[in-house]
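Open the model in your viewer and keep the sequence panel beside it. The stops below each give a selection and then say what is there.

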Amino acid sequence: MLKIQTLCLCFSLCILPSFSMAQAISLSDVLHIVLNKHPDLALARIQEQSLHIERQNIEGILDPKISLAGSLSDETAPTTSPFAPSGTSIGLLSGNITKLLSNGSTLTGSFNYNRTKVSYPASVPTFFQATINPTYQQQIDLIYRYPLLRGHGNPTYNEQRTSNQYNEEAARWNVAIQQEQLAAQAISLYYQIASNVIAKELAHETVLRAKKLLNYQKKRQRFGLIEETDQRQTEALLTSRKMDYANAQATLNNSITALNRLMLRDAKQPIQTNIHTTLGNFKTASMHAWLELAKQQRPIFRMLNAQQASNDAILALRHDQHDTQVDLIAQVGSRSLSGSAGYTLGQGFTLNDRFVSIGLELNDTLGGKSTKSAILKTELERERIHLQRLQSIEKIKTELSTALTFYENGKVMKKASKRHEQAEKIKFTTELERYRDGRSDTATLIQFEGDLRNAELQAALQDIQIQLAKQQIELATGNLFKHLGMMP
């Protein structure tokens with residue numbers, strides 16, 4: 001067996017020097033490359049960034065709104081009275097500021113200052129003209145609107161803000177879900193390469209066995225100990241084994257290309273796996289314990305929890321929008337009027353002349369079909385989240401059950417396959433001795449060689465199946481990245 005392994009190594013060094021000399025890459029290194037380079041994750045993070053920007057938009061709801069206006073006008077119009085003014089010149093300056101408070105109430109301050117000058121025909125006696133001309137007038141009002149039903153507590157701001165916060169969290173967990181999906185692909189390809197390497201090495205060993213048998217038959221044929229038909233059978237066996245080797249090499253190349261492209265590397269860059277260092281101690285547990293662990297750690301459940309919290313906030317907002325609007329409105333303002341610009345301005349900031357009022361305002365939409373449909377749509381989204389949670393639980397159960405079955409079967413098959421391999425080796429060696437003694441035929445020997453090849457391949461693949469099953473269990477429970485000592 002040592003001689004065969006030496007021949008395999010020499011053959012590999014001659015045929016694929018770049019592959020044989022490649023530095024082994026661990027699974028954690030592969031995952032690190034994939035999770036840092038793959039464009040799917042960059043695309044998934046766009047949604048998170050968009051929601052972060054949306055947060056600023058929601059905060060803008062509380063931004064105060066300011067308006068300022070100024071105008072000058074001059075009007076000359078015919079009159080029916082000989083004592084009426086014939087023209088009016090007005091200068092107006094006004095402004096207001098409105099601030100929506102976090103409790104839903106609205107505070108509005110307004111300012112109005114104007115100058116009015118009237119002109120009279122020359123025929124109007126002075127004592128018939130206005131005694132104060134021009135006049136200056138100022139009005140300052142403070143209005144407080146408090147919602148009793150719709151808008152109470154400012155759900156437009158608070159619930160949207162809460163919803164966006166949980167949507168951001170859901171977007172982050174969605175990135176983690178994408179990372180899990182990419183990790184699953186990388187794990188599958190990584191162990192596929194390891195399996196294909198073993199299949200290729202065993203295929204090479206069978207080629208060497210077939211060559212050795214063919215050389216032996218050629219010697220015997222020269223002495224007339226076997227017929228030409230026996231040699232032809234062995235030549236066909238060698239051709240078949242070379243085809244198996246070519247297929248194994250092609251399959252290995254395909255899996256290497258797939259993993260390289262997943263890592264965004266050159267397709268032909270060599271990869272050498274190191275499966276014996278990918279997973280340390282592994283402790284099995286019950287299906288219930290694993291499922292509970294998955295519910296706590298898998299990003300799909302954390303994303304659904306965030307989506308549910310966001311949905312609750314939006315549903316509260318939709319119910320508020322369906323309510324009748326009943327607002328309590330209080331207003332207090334100052335008034336001033338005189339012929340002096342400065343005096344009028346100063347008096348406007350006192351309450352010597354004032355306006356005070358309090359009242360109720362009611363607004364509603366009869367039927368409310370639009371808001372009802374919005375409520376139903378939000379409740380339907382809640383049902384969707386609930387069903388997706390159940391779906392995810394069943395999917396993880398399937399993943400765990402499948403991986404656990406592979407793991408348990410692998411342990412059982414590992415022992416059985418080793419015994420089978422030893423038995424096939426003894427059977428082939430015994431049959432080869434019988435063949436040399438002329439007590440067996442070539443067809444039987446070829447069949448036994450094929451049995452040995454299949455037994456060797458099955459035994460060699462059991463360790464990989466067990467390791468792969470362990471990784472799949474760790475991935476299904478959400479422990480993979482932690483166990484590999486890496487943060488995605």
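Is D141 buried or exposed? D141 is buried, with a relative accessible area of 5%; buried means under 20% relative accessible area, exposed over 50%, and partly exposed in between, with a 1.4 Å probe and protein chains only.

Before going on, note that this is a predicted model, in which local features need pLDDT of at least 70 and side-chain atom pairs count only at pLDDT 80 or more, while totals for chains, interfaces and linings use all residues. Residues are numbered from 1 along each chain as its sequence is written, and side-chain values use heavy atoms, with hydrogens and water left out.

**Stop 1: the partner of D141**

Keep D141 selected and add R335. The two form a salt bridge, with the closest N and O atoms 3.1 Å apart; a salt bridge is a side-chain nitrogen of Lys or Arg within 4 Å of a carboxyl oxygen of Asp or Glu. The pair links distant parts of the chain, since R335 is in strand β7 (residues 325-338) and D141 in strand β5 (residues 135-147), 194 residues apart. Helices (H or I, at least four residues) and strands (E, at least two) are DSSP runs, numbered from the N terminus. R335 counts as partly exposed, at 23% relative accessibility.

**Stop 2: two more salt bridges**

By the same rule the count comes to 20 salt bridges. Select R55 and E168, whose closest N and O atoms are 2.9 Å apart in a salt bridge. R55 lies in helix α4 (residues 39-59) and E168 in helix α5, so this pair ties together parts that are 113 residues apart in sequence. R55 is partly exposed at 36% relative accessibility, whereas E168 is buried at 5%.

Next select D463 and K414. Their salt bridge has its closest N and O atoms 2.8 Å apart. Because D463 lies in helix α11 (residues 442-477) and K414 in helix α10 (residues 369-436), the pair ties together parts 49 residues apart in sequence. D463 is partly exposed at 28%, and K414 is partly exposed at 31%.

Then select R145, D327 and E361, which are joined into one network by salt bridges that share partners.

**Stop 3: a helix pair**

Select residues 155-222 and 299-322. At what angle do α5 and α8 pack? The angle is about 160°, and the axes are 8 Å apart; axes are lines fitted to C-alpha atoms, for helices over the stretch in contact, and angles run from 0 to 180 degrees between N-to-C directions. Helices α5 and α8 are therefore roughly antiparallel to each other (angles under 35 degrees count as roughly parallel, over 145 as roughly antiparallel, 65 to 115 as roughly perpendicular and the rest as oblique).

**Stop 4: paired strands**

Select strand β2 (residues 65-76) and strand β3 (residues 87-100). They run antiparallel and are joined by 12 bridges; two strands pair if DSSP finds at least two bridges between them. Within this pairing, L72 has G91 in β3 as its bridge partner.

Add strand β4 (residues 106-119), which runs antiparallel to β3 and is joined to it by 14 bridges. Here G95 stands opposite F111 in β4. β3 and β4 form a hairpin with 5 residues between them, and G104 in the turn has a positive phi of about 100°.

**Stop 5: H483**

Finally, select H483 in helix α12 (residues 480-483). H483 is partly exposed, with a relative accessible area of 34%. Add S28: H483 and S28 are 455 residues apart in sequence and 9.8 Å apart in space, C-alpha to C-alpha.
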